[in-house]
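Here is a short briefing on some unusual backbone features. Keep the sequence and the 3D view at hand while reading.

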Amino acid sequence: MLDSILIANRGEIACRVLRTARRLGLRTIAVYHHADRHAPHVTLADEAVELEADAPTAAYLDSGQIVAVARERGAACVHPGYGFLAENAGFAAAVEAAGLTFVGPQPEVIRLMGDKVHAREFAVAAGVPVAPSVLQEGDLDAFVSAASAIGFPLLIKAAAGGGGKGMSIVRAAGELAARAATATAEAERYFADGRVYAERYIERPRHIEVQVLGDGHGNVVHLFERECSVQRRFQKIIEEAPAARLDPALREQICAAAVDLAARANYRNAGTVEFILAPDDAFYFLEMNTRLQVEHPVTELILGVDLVEAQLRVAAGDGLPWTQDAIRPRGHAIECRVCCEDPAADFRPATGSARILRVPELPGVRFDGGLVEGQAITAAFDSMVGKLCGYGTERDAAIERCLAALGEFVLLGVDNNLDYLGRVLDHPAFRAAELHTGFVVEHAADLVPPALDDVDRAAVLTAAALAVDDFRELAYGTPEPHAAIGGWRN
Amino acid sequence: MPQAFRFTLADDAHTVGIHARRPALVVDVDGVTHVVRETRENDGDAVLLEVAGRSYRVWRTREGNRVHLHLGGRSFSVGYEDAITQARLEAGGDAEVRADMPGVVVAVHRAAGDPVSAGDTLLVIESMKMQINVVAPRDGVVETVHVEATQTFDKGAVLIALAEDA
């Protein structure tokens with residue numbers, strides 16, 4: 001086993017990796033930007049090294065500096081988490097060139113899967129279905145006529161893209177040229193790569209993905225699927241495992257396709273093969289994420305495994321920890337991404353500070369967080385501050401556990417989506433597993449905060465009034481000592 | 001007649017006043033009274049609030065003129081309008097103090113020509129069964145008092161005007 005690890009990340013995922021590394025007895029090394037000097041990943045690690053950078057994100061993207069710290073501190077391996085440098089082939093190569101182990105796939109595999117066009121070609125060669133598509137290579141007119149031939153609606157995507165940036169749906173031929181030009185400009189700006197492609201847009205698609213683990217020598221197991229259809233702004237907010245209402249034969253086909261693809265790439269370590277599932281049960285390769293996913297906890301919950309431990313064992317050269325037959329799902333798990341954002345304002349990221357933070361501890365509930373009370377939430381980083389998971393023997397039980405935990409979860413001082421997540425889970429269509437990636441848009445009218453009845457409204461206003469000094473004084477005659485007031489944080 | 005405190009919840013204006021303090025605290029919310037009992041939970045810093053017989057576990061924190069609170073499994077952000085802020089909002093250009101709801105004048109405390117400081121009570125009005133102090137939005141001199149005691153007025157009526165060059 002490896003004896004030490006540098007975690008090239010921050011927030012909940014850095015804490016997540018740290019916990020397993022510590023449990024396995026590895027010496028842990030965190031890196032951080034000054035703005036994060038009090039963050040939990042810094043305090044949780046055995047050693048923490050500050051990175052020199054003006055902008056906070058720049059620190060965690062500074063491949064050269066991070067590799068230098070890893071060498072100086074004698075880290076045996078580097079775990080990239082997700083985001084930042086996790087899918088940067090150059091970083092993986094630099095880690096290996098420094099003689100250290102990269103906890104992830106081979107740099108050339110990261111590079112291959114990071115280019116959507118090459119990844120699609122690779123999937124086709126592996127016999128994995130892909131949606132009909134056409135790539136724009138220079139000539140806009142030729143692209144428009146080839147794309148029109150596929151038929152509408154079409155989805156325009158950046159070849160080098162991700163996270164929904166540069167994506168748009170085109171429903172009529174007349175819009176295509178203008179939208180393609182816009183997408184090219186956006187792709188140029190976000191990814192410094194203006195190539196875009198158009199593919200058939202599947203109406204009411206479901207997002208199904210398969211967790212795989214490979215040894216780098218062509219041996220690959222799958223850890224079943226997750227459904228991540230509930231998305232806002234093309235980004236997942238609720239994921240679950242297994243996918244509800246998925247025919248067992250279809251599940252087997254999708255998982256087998258993922259294994260075929262990963263095996264053909266001699267895939268090493270943990271990865272996720274994402275598919276779009278059409279209402280007619282046709283499924284198409286979307287992309288492969290060459291890293292640990294945000295939503296990996298739901299897989300861990302239904303399989304009783306620790307994916308970070310598996311990653312470290314594979315990285316140490318111990319081979320795959322399980323045979324396919326030994327991996328048996330049990331129960332159902334749902335993850336809710338806790339984000340500081342305003343669902344009423346098109347999910348605009350919100351800033352503030354976690355003035356009161358109470359994370360419920362309930363049976364069948366897991367919270368992966370990287371937030372402490374009093375911490376500022378700035379625009380510098382992603383709006384996701386944690387992941388709340390509920391596990392139960394049945395899907396309904398998992399929903400109830402999430403709902404109970406969301407109701408008890410207190411995060412005051414910054415707008416967040418806790419209440420919104422509860423409304424999604426409680427929606428009849430979610431309970432009936434009638435899921436597709438347009439779920440939150442389709443049901444937007446039902447997902448607004450419910451009106452309060454008169455007594456509840458009076459309670460809210462009275463509770464607020466009793467937080468105002470003048471009102472308290474009038475209510476109780478004499479001002480009470482600060483400590484006696486209760487529920488008070490400034 | 002209780003003194004009203006002004007709050008906003010989801011962009012709607014509300015008033016909360018104290019109707020009685022003994023034997024139990026009775027608040028007046030938007031003209032309706034409710035018996036209230038507030039106790040502190042032993043094991044933490046949450047508060048148990050009982051309103052009209054319903055129990056709520058409440059967490060709250062005040063940030064400037066907002067109270068963030070968690071109640072009944074949901075989060076709310078309530079705006080508190082202290083008297084001066086409220087007067088400024090209603091003064092529209094700082095010269096005229098207007099009524100934001102219909103009511104009746106209870107008492108007039110200042111006359112034309114009086115110098116006033118921000119926050120001084122100019123009038124007491126009654127609206128929604130509660131008494132509200134109308135205060136000066138800024139330092140200045142009263143130019144005109146447009147109402148007198150017992151007079152009724154509509155929403156938006158100019159109650160008092162301050163001289164422009166204060």
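The notes below cover cis peptide bonds and positive phi angles in a predicted model. Two peptide bonds come up, from A:Phe152 to A:Pro153 and from A:Ala241 to A:Pro242. Two non-glycine residues with positive phi follow, A:Ala433 and B:Asp30.

**Cis peptide bonds in chain A**

- The bond from A:Phe152 to A:Pro153 is cis. Its omega is near 0°.
- A:Pro153 sits in a loop of chain A. That loop runs between α8 (140–150) and β7 (154–158).
- The bond from A:Ala241 to A:Pro242 is also cis. Here omega is near -10°.
- A:Pro242 belongs to the chain A loop between β12 (235–241) and α10 (248–264).

**Positive phi in chain A**

- A:Ala433 is not a glycine, yet its phi is positive, near 60°.
- Look for A:Ala433 in the loop between α15 (428–431) and α16 (439–442).
- A:Ala433 counts as partly exposed because it has 15 C-beta neighbours inside 10 Å. A buried residue would need 20 or more, and an exposed one 12 or fewer.

**Positive phi in chain B**

- B:Asp30 has a positive phi of about 50°. This residue is not a glycine either.
- B:Asp30 lies in the chain B loop between β3 (25–29) and β4 (32–40).
- Inside 10 Å, B:Asp30 has 19 C-beta neighbours, so it counts as partly exposed.

Terms used: Residues are numbered from 1 along each chain as its sequence is written. Chains are lettered from A and ligands numbered from 1 in the order in which they are written. This is a predicted model: local features need pLDDT of at least 70, side-chain atom pairs count only at pLDDT 80 or more; totals for chains, interfaces and linings use all residues. Helices (H or I, at least four residues) and strands (E, at least two) are DSSP runs, numbered from the N terminus.
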